[in-house]
Amino acid sequence: MPWSLTIGKVAGTNIRIHFTFFLFLIWIWAVYYKQGGSAAAWQGVTFVALLFACVLLHEFGHIFVAKHFGVKAPDVTLWPFGGIANLDQIPEKPSEEFFIAIAGPLVNVAIAILLMLYLGGTTDAAALMQVDESKVGLVAKLAGANLFLAIFNMIPAFPMDGGRVLRALLALKFGFARATQLAASIGQGLAVALGVIGLFGNPMLVIIAIFVFLAASGEASHAQLRQIARGAIVADAMITKFETLGPQASVQDAMEALIRTTQKEFPIVDGAGRLRGVLTRDAMIRALKNQGPEAPVLDAMDADIPTVPARASLESAVKSFSEQGKSVLGVTDTAGRLVGMLTVENLGEMMMLRAAKPGARPRPSDFSGTPGPWGRA
Ligand SMILES: [Zn+2]
């Protein structure tokens, strides 16, 4: 992840801090400084830093349980709005997702209990008189914040942990895809309700509501895509009729190809049949404006296009779409020659066709017989 600083590694997981988090600390310092001078400023920053240490422990709650189920977590990043643990995959086995999701909030509950025990141990002791009052205040505030984190994260809507817990529970009865749809609908309904409540005086709630609403629909379409991609290979979905450009071609040649075809992306293929890059319509127009029609396509293309073998599972291709953030993938044969293209658009078309096929609707039993790491035993 760019713009983040790796501060350490725990059990194979890199801990990263996004640079906006440092800006956030400076901002907190400044806000408290204005209110109560430098003592208050450092106290404010200390509180936020401790709070984020708790957020990090929450993420490691997820990570350690995920590890237990064989899911790796290469990194976790702290942002001003919280922590994000990057898990390799989301287990489809409901019980595993349930335990991974609930582990985070449970960590916060545990921290809150420990902090309250610590406070309970000192409140009735005579030693309390000697204890720095601000320190007690800080611990109490931190305990409260941890309880808030646990409750907030258990809101039953994606991307909150509560949404995943809800899906896992629903999946026991309805199967993964249907459970995701149900959980997403419940989450969106809740987001609308939150938004309406927020309109009467809490703008922060409106922002959270919009965020939850969008995240819920994203999760639902992703799950549907995975369901449909299952069992198919890349060759089933790829485009095989398309025009390519040679490495010597100019932007002018590309413009002509753009006009005579309906394609929007043109693969640049060398003499050996290997994919050198892809020129999109937008990049073409940009190059035309900045460098003129004689510019070589090699300069204008995106050279960083991932390829997948034609025999690979469509599911793995869907995964690389979401990981790489590209709208197009090259498909190669065993010799590494380009034999097809896969775009988000034609994947969408395949989804529509498959969903329209009678009997294509996912049934709960579809999962119980699925072999592989996430098949329910
Ligand atoms: Zn969490």
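Two helices count as oblique when the angle between them is neither under 35 degrees, nor over 145, nor within 65 to 115. In this predicted model, helix 8 (residues 251-260) and helix 9 (residues 281-291) have axes that cross at roughly 135 degrees and come within 10 Å. Helix 8 and helix 9 are therefore oblique to each other. The crossing in which helix 8 passes helix 9 is left-handed. From helix 8, Val-251, Ala-254, Met-255 and Leu-258 take part in the contact, and helix 9 supplies Arg-281, Met-284, Ala-287 and Leu-288. Sorted by class, the contact of helix 8 with helix 9 holds 7 nonpolar residues, no polar ones and 1 charged residue.

Further along the chain is helix 11, which spans residues 314-324. Its buried residues are Leu-314, Ala-317, Val-318 and Phe-321. Viewed down the axis of helix 11, these buried residues fall within an arc of 100 degrees, so they line one face of the helix. Glu-323 and Gln-324, on the other side of helix 11, are exposed. Gly-325 comes just after helix 11 and has a positive phi of about 70 degrees.

Helix 3 covers residues 133-153 and includes Ala-140. A residue is buried if 20 or more other C-beta atoms lie within 10 Å of its own and exposed if 12 or fewer do. Ala-140 has 15 other C-beta atoms within 10 Å, so Ala-140 is partly exposed. Leu-119 is 21 residues from Ala-140 along the chain, and the C-alpha atoms of the two are separated by 7.4 Å.

Conventions. Residues numbered from 1 in each chain as written. Predicted model: local features only at pLDDT ≥ 70, side-chain atom pairs only at ≥ 80, totals over all residues. Helix = DSSP H or I, 4+ residues; strand = E, 2+ residues; numbered from the N terminus. Arc of directions from axis to C-beta. Axes fitted to C-alpha atoms, helices over the stretch in contact; angles between N-to-C directions. Left-handed = near helix turned anticlockwise from the far one by under 90°. Contact = placed C-beta atoms within 7 Å. Nonpolar A, V, L, I, M, F, W, Y, C, P; charged D, E, K, R; others polar.
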